[in-house]
Amino acid sequence: MTDLTDLTVCSALKKLKAKEISPVELTNAYIEKATTGQKYNAYVYIDEKQALEKARESENHYLNGTNRALEGIPLGIKDLFCTKGMQTTACSRILGKFTPPYESTVTQNLLNSGALFLGKLNMDEFAMGGSNETSCFGTVVNPWSKAIPLVAGGSSGGSAAAVAAKMCAAATGTDTGGSIREPSAFCGVTGIKPTYGRCSRYGIIAFASSLDQAGPICKDVADCALLLNNMAGYDAKDSTSSKKEVPDFCSFIGQDIKGLKVGIPNEYRSDGLNTEVAKYWDTAAEMLKSAGADIVNISLPHTKYALPAYYVIAPAEASSNLARYDGVRYGVRVDGNGLDELYINTRTAGFGKEVKRRILIGTYVLSAGYYDAYYLKAQKVRRLIKNDFDEAFKQCDIILTPTSPIEPFAIGDKKMAENPINMYLNDIFTVSVNLAGLPAMSLPIGLSSNGLPLGMQLIGRAFDEGTIFKTAYQLEQCAKFVRM
Amino acid sequence: MAEYIIETPKGKWEVICGLEIHCQIISKSKIFSGASTEFGDDVNENVSFVDAGMPGMLPTLNMECVHQAIKTGLGLNAIINKYSEFSRKNYFYADLPQGYQITQFQYPIVGEGFIDIDLEDGSSKRIRIERMHIEQDAGKSIHDLDPHKSFIDLNRAGVGLMEIVTKPDFRSPEEAGAFLRKLRSIVRYLGTCDGNMDEGAMRCDVNVSVRPYGSDELRTRCEMKNVNSVKFVMQAIEAETRRHIETYESGGEICQETRQFDPLTSSTKAMRKKEFAQDYRYFPEPDLPPLVLDDAFINKIKEEMIELPDAKKSRFINKLGLTSYDAMVICENKEVADFFEKAAEGHDAKKIANWLMGDFFAMLNRKNLTIADSPVSAENLGKLVELISKDVISGKIAKDVFEIMADTSEDPEKIVEERGLKQVTDTSAIESIIDTVLTANPDNVASYKAGKGNLIGWFVGQVMKQSQGKANPGLVNKLLKEKLDQ
């Protein structure tokens, strides 16, 4: 018998509808993988009982013909999404065993479509990190690791690893500066960060509000389209969510890309770019050309300022967003003599090193006397970055870049550990997209000489995920990447 | 008005004062959440997940609060900004669940405006408004229930506030007091804030500095936070002015700081110095898009605007002939003004005003009632004055009728009818009483005729007494004179 966890969501749904398989069988298969895959440390919380109950409900829906779009599909949920009655910690000690009495809009949408949740997935603490090494539950191990354990990327490392190791049919992720795309690239899976405002942020623990977006991490492009269909939409509870109509993303799968203009930004050929990554970039462009697209060179002149601007804006917002974790109302409290000491003790014990670093940076750049030089300047850069993309999209319909300049590195890598800047540099191709609020996808293009997956990024116009889906699907067909 | 100059043996000084007033917005739910704003509910009952700063919760703007703010801005004769932004003011406190207050910083919803205040000497002065913005209130910390613990009530957390900032236009405590009363009157007229300072619905921060009289320098100012009555605001300005002058005259310096006014000692004491002032790290609120208003929205609110105290006052003066003082007193409170207008409809407005401000207010005070609960209705007060005007009853009888009205809520016409209190205007009836009185008192008649002219008053009294007060006093006077002078 074939392994049910090999099935994509789209093919599993076909079999479920044909009653060739049942939701309970499918769920059990994933639970088994989640259990045998504990060495990857992708899950921080598994709720088998609840998942199987939901699977049985889905079974009834199939039997009486009331099955919905994702009926009985077992998902893993990044621990940043508040899930009612299911522990939600953002992988930070400070939230303790916080269990929300409410459901995030995105996960509620998925539940409404009949999906079920196996549990919560590991991530960098408060989504701050690019290697999943800042989680209070420990580092996620990349399922592609050979002799030495490699990072799965971050911050949605648990989501990407779980999808790669078939520990869930698909997963939710969030992306503030590349947190869906980088781990997707590192783990050989496909993930999309939609346009800012496409998915509601209600119930997602905030990192940097003006940059955070939820999106799916899946086995392939078509699954991403289906998942995003069932996550996106306007939500009155999030004032930054868009009222723009959500098209059927699945309808773009299989559309041809003849005459589509694919832009290659000159500025992305930077020093730190791994030669194999550069080669695959050329290969990907060739593949799209063979599929009928035109390749055009474009310029995004302010690219080099994106990373510093991002590392001012994101920490600034984070320093404010994380002020609520004060030990007064929920989560961990470490008492002290008086209120100030309670704050200091709680936050000293509750937050990890990277989170503290970013709170300090953020507090600093917003301080009187530094605000203009840092925060305001960064906001101006942000506008210039957005203008760059606006100009570029006059010449092309979609932009192709590598997702990450490097391949997955070893857990505890010295170079990354000794200077956080080295870690931040991995985000060089992804952060501009968040600053501009654009949609972008990462999909696997091939393996490095070390046998590790490498990812390509497709960046679209705002609210034009459709073009990304049709282009990504064509590229996927050409690349013929073999999943784990 | 008379200038407020503080004279000491060493010189003359004047005070420079500006106010910042926080007004709680009247709205069914909080400014960024759907929780109720009911005052006096059980502790922590009106708290949503947003108000409690739960993880992942987002604010959404309550447009009812925006509506109220625009209305208030129009009441302050101010510019309504079609573009405004929300910002976060970051600071840690146990009753501030998010660790920041959502407020407006660089781009407030209301720009410059003004309020004209009325001063005791009958003059008026224009106080300029710098701006008004909307923001959320914090919760309440309760420190006195336990020796070791503090308690937090978040019912108030997230209630909408309007913060009104004036220019430093006040030159005396009286002006500040008049401003607060006028502002309270305006927001109550508009129904945008109930204006109760003792309940904290209106809270005032007072900025004070002094300078030698006649100079135009601006010296260091001090701020007194949360002064909670008009009287205390006036006292705080007086006390702080005194402190500044004494400090300067003894060779000292005033340092910029936040102070607290203590009503018990009528003095201020330092809370925190400027160097310990918080750095609030304001930045644009990323969870809320800028608030962009269109003309249609603002115009609709303009159409809803009612007549405000100043307009009403000048109408009462110009159209109804009220004195400036009477009009001011009557217009301060909308219920009073409405009551007056209803009572005055078709009747002598000046007489109604006299009755209202005399016997009527005295009666409410005595019975400890508000005008809404008055046993005497506006229509009945109007009828009573009409009965006097038409000589149906005398002014003296009217006072008795009014007391009956206050006790029974009855129609004065009915009271007069049933109790036979109608004034006697029948000449022959009065003449016959006069004859009886004159016949019974020949000695006094003789004295009168001998030149004791002031005995006329005694005769009038006797006739009124015999008529049980119902005889028309004017007529009695006239007829008596005719008879006695024959």
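In this predicted model, B:Ser87 has B:Thr103 of strand E5 of chain B as its bridge partner, and this pair belongs to an antiparallel arrangement in which strand E4 (residues 87–90) of chain B is joined to E5(B) over four bridges. The same chain also holds a hairpin formed by E6(B) and E7(B) and packed helix pairs such as H2(B) with H3(B), while chain A contains an open sheet of 11 strands. Contacts between the two chains involve 33 residues of chain A and 23 residues of chain B.

**The three-stranded sheet of chain B**

- E4(B) and E5(B) are part of an open sheet of three strands, written in the order E5-E4-E15, in which the pairing is antiparallel.
- The edges of this sheet are taken by strand E5 (100–103) and strand E15 (283–284) of chain B, and because each has a single partner strand, one side of each is left without a neighbour in the sheet.

**Hairpin and further strand pairing in chain B**

- Strand E6 (residues 113–118) of chain B runs antiparallel to strand E7 (residues 124–136) of chain B, and the two are joined by six bridges; within this pairing, B:Phe114 stands opposite B:Arg128 in E7(B).
- Five residues lie between E6(B) and E7(B) in the hairpin that they form, and in the turn B:Gly122 adopts a positive phi of about 90 degrees.
- E7(B) also pairs in the antiparallel sense with strand E10 (residues 160–166) of chain B, here over seven bridges, and B:Glu135 is placed opposite B:Leu161 in E10(B).

**Helix packing in chain B**

- Two packed helices are described by the angle between their axes and the distance between the axes.
- For helix H2 (residues 173–190) and helix H3 (residues 230–249) of chain B, the axes come within 9 Å and cross at roughly 155 degrees; because angles over 145 degrees count as roughly antiparallel, H2(B) is described as roughly antiparallel to H3(B).
- The crossing of H2(B) with H3(B) is right-handed, and the residues that meet there are B:Pro173, B:Ala176, B:Gly177, B:Leu180 and B:Arg181 from H2(B), with B:Val230, B:Val233, B:Met234, B:Ile237 and B:Glu238 from H3(B).
- By residue class, the contact of H2(B) with H3(B) comprises seven nonpolar residues, one polar residue and two charged residues.
- H2(B) also packs with helix H1 (residues 63–75) of chain B, at an angle of about 135 degrees and with the axes 10 Å apart, and H1(B) and H2(B) are therefore oblique to each other.
- H1(B) passes H2(B) in a right-handed crossing, where B:Lys71, B:Thr72 and B:Gly75 of H1(B) meet B:Ile186, B:Val187 and B:Leu190 of H2(B); the residues of this contact divide into three nonpolar, two polar and one charged.

**The 11-stranded sheet of chain A**

- The strands of this open sheet follow the order E1-E3-E2-E4-E6-E5-E10-E11-E9-E7-E8, and their pairing is mixed.
- Strand E1 (43–46) and strand E8 (294–298) of chain A stand at the edges, and because each has a single partner strand, one side of each is left without a neighbour in the sheet; neighbouring strands are turned against each other by 30 degrees on average, with direction ignored.
- Within the sheet, strand E5 (residues 190–193) and strand E10 (residues 440–447) of chain A pair in the antiparallel sense over three bridges, and A:Lys193 has A:Ala440 in E10(A) as its bridge partner.

**Contact between the chains**

- The 33 residues of chain A that are in contact with 23 residues of chain B include at least two from each of helix H9 (303–321), helix H10 (339–350) and helix H11 (353–366) of chain A.
- H9(A) gives the most to this side of chain A, with three residues, and the residues of the side divide into 17 nonpolar, nine polar and seven charged.

**Backbone features in loops**

- The peptide bond that joins A:Gly154 and A:Ser155 is cis, with omega at about 5 degrees, and A:Ser155 is found in the loop between strand E3 (116–121) and helix H5 (157–164) of chain A.
- B:Asn368, although not a glycine, has a positive phi of about 55 degrees; its place is in the loop between helix H8 (349–367) and helix H9 (378–389) of chain B.

**Domains of chain B**

- Chain B is divided into domain 1 (6–300), domain 2 (307–418) and domain 3 (427–484), and the centres of domain 2 and domain 3, taken over C-alpha atoms, are separated by 34 Å.

Notes
Residues numbered from 1 in each chain as written. Chains lettered and ligands numbered in written order. Predicted model: local features only at pLDDT ≥ 70, side-chain atom pairs only at ≥ 80, totals over all residues. Pairing = 2+ DSSP bridges. Contact = placed C-beta atoms within 7 Å. Nonpolar A, V, L, I, M, F, W, Y, C, P; charged D, E, K, R; others polar. Axes fitted to C-alpha atoms, helices over the stretch in contact; angles between N-to-C directions. Parallel < 35°, antiparallel > 145°, perpendicular 65-115°, else oblique. Left-handed = near helix turned anticlockwise from the far one by under 90°. Domains from an automatic or database assignment.
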